[in-house]
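Work through the exercises below with the coordinates open. Try each task before reading its solution.

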Amino acid sequence: MKPIHIKSDSSSIKQAAIINAVSKYATVIINLILTAILARILTPEDYGIVAVTTVFTNFFGVFADMGIGTAIIQNKELTKDDINNIFSFTIRQGVVLMFCFAGFSIPLSAFYENSVYIPIGILLAGSLFFGTVNMVPNAILMKEKKFINVGLRTIVAAILSGGFAVFLAYIGLGYYALVLQSLLSGIVLFVWNYCSTKPKFKWRYGKESLNKVRRFSSFQFGFNFINYFARNSDNLLISKFMDEAALGYYDKAYKLMLYPINYLTNVITPVMHPILSDYQDDKVVIYKKYISVLKILSLLGIFITPFCYNASDEIILIVFGSQWANAIPCFRYMSLAIWAQMLLSSTGSVFQSAGRTDTMFKSGIITSIMTVSAILLGLIEGSTVAVARNIAISYNLQFVFMYYLLIKKVLGFEFIDFLKELLPDIIALSIMLCLGMCASNYLKIEGLLFSAIIKCVMTGVIYICYLLISKRYRVLLKLFNR
């Protein structure tokens, strides 16, 4: 069997990102509408209950992935038989994880002294299974750079699962609406991807195929494992030491903070690894291409961050309603980390493309310690607002640490030269935050929507002035020209 050699796509990262952007932004609009509807039907307690269970499904999801998906993209010498062997392994893996999680729901309900976690756990076990078996078909589509196919299926899954959740919430099923939304989404994504790639299941599979991706995937799995605990320890600890409503407010603020990260940064990052992996032996090319992408992310971030911080009241109340007012302080602090998070979320693709998941794993250990320490200090103060503040500080410190490792140790360039590329944006971001805070103290605008528009216009005017003075608008023009 001859190796499959995927031809390098002639489009650049930016061009591929445009395809991905259409689906992402369509999904953003769909999810915002559906989330706004659900937030007005369901209660903070409903979201808090599901948030607890989601923490553990994400944990089992780490074992479901095991870094195999990214390893398939990185390895250009895998044959069709190798792909079928790996797919057969994930089927068995999915069955085992499904039964393990269903059984785990029993001690989980005992720990939180709430029997509702048993039926929820059983339903989410099915979602975990489909997420596991979807890993190989999804990796094949990304490796072959079929971004249109991937984007279209994302929109369809969002509409079907979100609409179903709204219907279930409307008829009074409460938190089950969110649980079944996750299950249906997993089913739709797997069926779509499987029909597009058609990997074959084998009762007896060759373990030598797994050996071809073992080292790369092992370090990727290690990073995902420790990153899970760092990213979810806040939900775990808040749910244990505070009530479910407090967790609901915090979780809503945290997820809202992730929106610009998931739907701006993730327009680009999913296509970075498939494309940059073609240059895995040329660090200079990777660095140059990455810097051009990073400048775009930075320019997006220095507008989004000050707007979210200064208009946090309006954003929460308009999108979710007055019953979520207690989430405003958490969101305000978390928004200070949006710029750093937008840039940091792209580093994984570069570590992977350079074949250095080992360094990514080591850096993950340090950043996880920083995150957990920030959460514990916030809990000692006794409020979710303190946790949110410390999390924002931690993420900004992690920005410096992670990029030093990536630029200096992995790609072999000077870190100070890298900082010079972003220094104008950092200064502009600081000025925009300060001006926005001063304006908010003196301006008292009636009407939530009108106030949000005014703050958006004010931020936009300052932003445009910066683009013109610094001539950074050229970066955006290049993108639009493409």
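**Exercise 1. Count the disulfides, then classify two cysteines.**

Step 1. Apply the rule: a disulfide is a pair of cysteine sulfur atoms within 2.5 Å. The count comes to 0 disulfides.

Step 2. Fix the ground rules. This is a predicted model, in which local features need pLDDT of at least 70, side-chain atom pairs count only at pLDDT 80 or more, and totals for chains, interfaces and linings use all residues. Residues are numbered from 1 along each chain as its sequence is written, and side-chain values use heavy atoms, with hydrogens and water left out.

Step 3. Set the exposure classes. Buried means under 20% relative accessible area, exposed means over 50%, and partly exposed lies in between (1.4 Å probe, protein chains only). Cys195 has 47% relative accessibility, so it counts as partly exposed. Cys434 has 43%, so it too is partly exposed.

**Exercise 2. Find the salt bridges and place three of them.**

Step 1. Search with this criterion: a side-chain nitrogen of Lys or Arg within 4 Å of a carboxyl oxygen of Asp or Glu. The whole structure yields 8 salt bridges.

Step 2. Take Glu421 and Lys295. Their side chains meet in a salt bridge at 3.1 Å, N to O. Glu421 sits in helix α19 (residues 415-442) and Lys295 in helix α12, so the pair ties together parts 126 residues apart in sequence. Helices here are DSSP runs (H or I, at least four residues), numbered from the N terminus. Glu421 has a relative accessible area of 29%, so it is partly exposed. Lys295, at 21%, is also partly exposed.

Step 3. Take Asp313 and Arg332. Their closest N and O atoms are 2.4 Å apart. This pair links distant parts of the chain: Asp313 is in helix α13 (residues 312-320), Arg332 is in helix α14 (residues 328-334), and they are 19 residues apart. Asp313 is partly exposed because its relative accessibility is 30%. Arg332 is partly exposed at 25%.

Step 4. Take Glu381 and Arg389. They form a salt bridge at 2.4 Å, N to O. Glu381 has a relative accessible area of 49%, which makes it partly exposed. Arg389 is partly exposed at 26%.

**Exercise 3. Which residues of α13 are buried, and what does phi do just after the helix?**

Step 1. List the buried residues of α13: Ser312, Glu314, Ile315, Ile316, Val319 and Phe320.

Step 2. Recall helix geometry. An α-helix has 3.6 residues a turn, so residues three or four places apart point the same way.

Step 3. Step past the helix. Gly321, just after α13, takes a positive phi of about 100°.

**Exercise 4. Find a positive phi in a residue other than glycine.**

Step 1. Check Lys471. Its phi is near 65°, a positive value in a residue other than glycine.

Step 2. Locate the residue. Lys471 is in the loop between α20 (448-470) and α21 (473-481).

Step 3. Classify its exposure. Lys471 is partly exposed, because its relative accessible area is 45%.

**Exercise 5. Describe the nonpolar cores.**

Step 1. Build the sets. A nonpolar core joins buried Ala, Val, Leu, Ile, Met, Phe, Trp, Tyr and Cys residues through side-chain atoms within 4.5 Å.

Step 2. Take the largest core. It has 122 residues, and those with the most contacts inside it are Tyr250, Met257, Leu343, Tyr403 and Phe418. Helix α12 (residues 283-310) gives the largest share, 15 residues.

Step 3. Look around Phe418. Leaving out residues up to four places away in sequence, Phe418 touches Tyr287, Ile291, Leu294, Tyr403 and Ile407. Contact means heavy atoms within 4.5 Å.

Step 4. Look for a further core. One of 23 residues lies apart from the largest, and includes Ile83, Ile91, Ile140 and Leu141.

**Exercise 6. Which residues make the nonpolar surface patch of about 880 Å²?**

Step 1. Select candidates. Patch residues have over 30% relative accessible area and no salt bridge; nonpolar side chains (Val, Leu, Ile, Met, Phe, Trp, Tyr) are joined within 5 Å, and like charges within 9 Å.

Step 2. Read off the members: Ile29, Ile33, Ile37, Ile41, Phe164, Phe167, Tyr170, Ile171 and Leu173.

Step 3. Assign elements. α1 and α7 (147-170) each give two or more residues. The largest share, 4 residues, comes from α1.

Step 4. Check two members. Ile33 is in helix α1 (residues 13-41) and, at 49% relative accessibility, counts as partly exposed. Phe164 is in helix α7 and is partly exposed at 33%.

Note on methods: Accessible areas come from the Shrake-Rupley method with a 1.4 Å probe; for residues, only the protein chains shown count as cover.
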